[in-house]
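Trainee: I'd like to learn how to read the way chains and helices meet in a model. Could you walk me through it?

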Amino acid sequence: MATTPAQQKIFSKSDLTILIAGAIAVICAGIFYYFYLNPVIAFITSAAAVALLAALVGRSVEQLGDRFGPGATGVLQSALGNLPELFIAIFALKAGLTEVVKAALVGSILSNLLLVLGLSFLVGGLKHGTQKLGSSRARTIVTLMLLSVIGLAIPSLAHWIHSAAAPHEESFSLIVAIVLLILFLLYLPASLKRGKAGITSEGGIEEKPRWPLWLAVTLLVIASGLAAFVSDWFVTALEPSMKALQISDEFAGLVIVAIAGNAIENVVGIQLAAKGRSEYAFSVIINSPLQIALVLAPSLVIISQIFGLAIFTLVFSPMLLAAMFLAIVLAAFISFDGESNWLEGAALIAIYIIIATAFWWG
Amino acid sequence: MATTPAQQKIFSKSDLTILIAGAIAVICAGIFYYFYLNPVIAFITSAAAVALLAALVGRSVEQLGDRFGPGATGVLQSALGNLPELFIAIFALKAGLTEVVKAALVGSILSNLLLVLGLSFLVGGLKHGTQKLGSSRARTIVTLMLLSVIGLAIPSLAHWIHSAAAPHEESFSLIVAIVLLILFLLYLPASLKRGKAGITSEGGIEEKPRWPLWLAVTLLVIASGLAAFVSDWFVTALEPSMKALQISDEFAGLVIVAIAGNAIENVVGIQLAAKGRSEYAFSVIINSPLQIALVLAPSLVIISQIFGLAIFTLVFSPMLLAAMFLAIVLAAFISFDGESNWLEGAALIAIYIIIATAFWWG
Amino acid sequence: MATTPAQQKIFSKSDLTILIAGAIAVICAGIFYYFYLNPVIAFITSAAAVALLAALVGRSVEQLGDRFGPGATGVLQSALGNLPELFIAIFALKAGLTEVVKAALVGSILSNLLLVLGLSFLVGGLKHGTQKLGSSRARTIVTLMLLSVIGLAIPSLAHWIHSAAAPHEESFSLIVAIVLLILFLLYLPASLKRGKAGITSEGGIEEKPRWPLWLAVTLLVIASGLAAFVSDWFVTALEPSMKALQISDEFAGLVIVAIAGNAIENVVGIQLAAKGRSEYAFSVIINSPLQIALVLAPSLVIISQIFGLAIFTLVFSPMLLAAMFLAIVLAAFISFDGESNWLEGAALIAIYIIIATAFWWG
């Protein structure tokens with residue numbers, strides 16, 4: 001704190017916290033997994049380990065900086081930033097938990113647009129009063145988010161109300177996935193030019209890389225590798241612990257997996273709001289649903305078909321579809337409102353609670 | 001008029017009109033009720049009496065001013081301002097007219113956001129040309145209205161498209177009611193600080209209290225007491241007169257009860273627009289759905305469970321739900337448009353007519 | 001090009017192109033029709049002929065200028081500008097292709113709000129960078145478009161989710177048609193005062209009439225008469241050629257008929273965007289759904305009842321309804337965003353492709 005020149009150290013205080021807490025969580029989760037101990041504690045420790053490894057992957061990706069040239073770095077960052085969530089989804093699909101994966105994707109969108117946005121408005125509003133949101137850049141990201149998530153939602157819409165398309169669920173999902181990935185490739189260079197608030201940065205405060213390249217790469221490889229293992233443990237512990245706690249599959253995916261998979265990113269968004277950087281917090285929070293719609297969900301469709309996992313399509317249950325629509329329309333109106341206050345934050349959190357309650361009865 | 005110092009009189013001209021007309025209407029309604037005369041005329045006179053007593057309650061509440069300290073007055077005003085509508089709803093629930101009450105709640109939202117807003121745009125636009133709406137304060141109220149009404153709508157959504165939540169209709173409605181009431185309690189102090197255009201004032205033009213405290217309290221007690229009686233007469237006359245006129249229950253609630261219960265408030269909104277105070281008219285009109293979602297509907301859920309009335313949940317029929325969504329989304333877009341003209345007013349009225357027609361076939 | 005005083009010639013270069021290409025297309029289409037040649041080529045040539053005649057009608061209407069006084073001209077322009085689409089719809093109704101007509105109406109709205117708007121953003125954005133949209137006039141047209149299309153959509157909504165209104169499909173559609181036509185009559189004088197970007201001009205660049213009155217009237221009569229013939233050929237060739245190509249009725253209406261009927265207008269919108277006149281392009285493109293909702297669809301309801309054609313109501317299939325809602329809500333958000341860029345354009349086109357794909361499986 002005080003006068004220490006913290007910028008010159010390789011590891012910041014928060015780096016060290018993540019490293020140490022992550023190491024402890026991974027070890028605990030491993031012990032619980034390999035010795036078949038209490039599934040609920042195994043689940044909690046592996047959730048914590050996944051969240052901390054996700055944070056570490058995010059930080060390593062950030063510390064890579066622009067060192068491979070802007071184009072390659074952008075692709076790398078986008079691909080790697082979603083890696084932990086992708087691992088969880090793949091292991092869950094392998095375990096046949098298709099509904100959990102779908103609920104978790106929608107849950108990530110909901111928790112970002114309602115819970116985390118609500119908390120950032122609440123914290124930012126209580127600390128700094130009414131805050132501005134209305135930069136044209138923020139609105140552009142909202143518009144793209146809206147368009148992408150609606151694209152993602154159309155196969156479900158067609159499935160539930162257009163009986164003729166229903167039998168073609170798989171091929172339709174594949175076509176939509178390809179269209180969304182093409183859109184993502186078009187978006188990449190634009191988001192790079194626009195700077196880190198684009199799709200590539202998930203919430204770090206922009207600064208020069210502190211880590212030497214070898215360290216960033218080493219930590220990235222280790223954290224990603226561990227994330228793959230721990231995701232497996234997490235998914236393995238998921239089912240027995242949800243049964244022990246009598247929680248339905250859809251609620252587990254929508255609330256628990258979605259929050260665990262984005263925990264640290266979410267904290268960053270709220271911290272930015274607490275520091276009064278409401279615009280930046282907003283674009284970080286809005287950016288996550290954009291990534292889910294343009295990268296994560298389409299990748300899962302294609303990966304599940306290539307590797308013969310449980311069939312994963314873009315047909316979400318009607319209530320997931322409705323919740324997704326409500327969340328994006330509310331987020332769009334709020335961003336066009338141009339201002340936020342703590343009461344709007346409280347109302348967003350209230351809507352998150354109400355929606356989550358609706359899913360409680362699986 | 002002319003040079004008379006009208007401000008120094010205790011009763012303004014409009015006060016006197018309401019008092020005298022109210023007294024006549026109450027007497028007529030009472031005669032028709034106790035002597036079992038023509039149900040249609042009994043219904044019309046009691047509707048007029050309810051509307052005038054509602055206006056008198058509103059005026060007495062206003063004349064209380066800040067005399068109990070801002071906090072207590074705010075709670076008092078919000079609670080008492082909705083009293084006549086609450087009485088009607090309670091008597092209707094007691095008579096088992098659950099569908100009428102639900103239709104009347106949604107009908108109040110529709111008539112405010114489509115019919116009254118449309119009339120205020122039409123009158124204001126024809127008299128004063130294109131009018132501005134886009135103050136950030138008006139937009140904040142719209143955003144809160146949108147969030148509250150969507151919260152109110154989620155139980156219906158869950159009921160109709162998420163079969164797993166359907167059997168838990170009552171407990172889910174209770175949870176949502178509590179969440180919305182908490183949101184209202186959080187909103188109260190903010191709305192008081194923000195002044196009378198917040199939730200507490202339903203449409204009076206701000207001015208100093210003209211009535212001495214004893215008069216305001218006396219009239220409030222008398223008007224509220226009479227409102228309770230007349231609401232009973234109104235509800236009793238409702239069913240036979242709707243049968244005589246061959247009007248379906250849902251249409252009666254949606255159009256007739258909703259307009260009778262808000263008649264005077266609505267006139268105030270349109271009068272403000274006619275005077276060119278478009279911003280103020282807009283926030284008065286938008287404020288009413290906010291109160292229905294945050295106070296009236298949640299109170300009815302809790303009251304019906306405590307006092308063992310006909311079970312009242314927040315599950316509205318699908319068409320009521322759809323109409324509610326359309327109305328709030330249109331109102332939100334119109335407020336973000338930032339301007340209004342008479343043609344938008346005519347279009348809003350057209351949509352109100354079309355929706356009301358859809359309910360004609362009960 | 002260069003220094004030629006092209007403005008003084010009676011026929012501009014593009015006039016001549018349309019005249020010559022139109023003549024050739026009409027002759028080819030006639031030959032294919034009367035000699036029962038290949039239905040697919042008959043369909044393609046008649047589609048081209050319809051598109052070119054529609055362009056010629058539009059141009060003649062424009063060249064009429066204000067010569068009958070502003071009031072009469074407005075009515076004339078609105079009535080005649082929609083003539084070719086009306087002819088196609090009437091012949092298709094006569095042939096019993098009700099579903100094709102409904103799909104074509106919704107398809108026109110979709111192709112304008114998603115495909116053409118997307119292309120205009122893409123072309124305008126790539127050529128001129130981020131472009132402004134946010135004039136209050138453009139927003140007013142968007143608001144009116146939103147209100148009109150929602151009015152048009154309510155009979156479908158009532159039909160699919162409000163069983164009590166379903167048996168009254170025909171009378172409800174008639175009432176809605178009359179309400180929308182009244183709204184149009186109210187709108188006419190306002191749109192004329194507001195200038196050509198109102199409902200009367202479908203996309204011409206404003207300039208003084210170049211054609212003498214007799215020429216404009218003659219070409220108008222000839223082009224309209226031919227359009228009636230060619231529409232008949234087009235509809236006759238539609239069914240066998242769709243069967244030959246194995247394309248479903250709904251897809252044919254939604255994509256092929258909709259694009260053929262608006263081809264030239266659409267090109268105008270995109271050309272305006274290419275020239276950097278993004279505001280003007282936007283209001284031209286948004287204006288077309290307004291005309292469909294306020295004039296074309298209501299006229300078809302009334303004409304089909306008067307002339308005893310196949311019964312045409314405003315009840316669209318649920319997926320058409322959903323696509324219509326998505327398109328107008330997206331267009332409204334994009335216009336309130338206030339800016340457009342090529343990426344938003346690409347995303348709009350992506351959504352058009354995804355929706356069209358959903359209808360591929362008829």
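Mentor: Gladly! Let's begin with a term: contact means heavy atoms within 4.5 Å. This is a predicted model, in which local features need pLDDT of at least 70, side-chain atom pairs count only at pLDDT 80 or more, and totals for chains, interfaces and linings use all residues. Side-chain values use heavy atoms, without hydrogens and water, residues are numbered from 1 along each chain as its sequence is written, and chains are lettered from A in the order in which they are written.

Trainee: What share of the interface residues of chain A are also interface residues in chain C?

Mentor: Only 6%, so the copies meet through different surfaces.

Trainee: How are chains A and C related?

Mentor: Two copies of a chain are related by a rotation about an axis and a shift along it. Here a turn of 120° and a shift of 0.0 Å along the axis lay chain A on chain C with an RMSD of 0.0 Å (superposed by least squares on C-alpha atoms of residues with pLDDT of at least 70 in both). That is the relation of a three-fold axis. A:Phe336 is the residue of chain A that comes closest to the rotation axis, its C-alpha lying at 4.3 Å.

Trainee: How many residues of chain B are in contact with chain A?

Mentor: 32 residues of chain B touch 28 residues of chain A. Buried area is the accessible area (1.4 Å probe) that two parts lose on being put together, summed over both. Between chain B and chain A about 2,700 Å² is buried, with 83% from carbon and sulfur atoms. B:Leu147, B:Ile154 and B:His162 supply 21% of the area that chain B buries against chain A, more than any other three residues.
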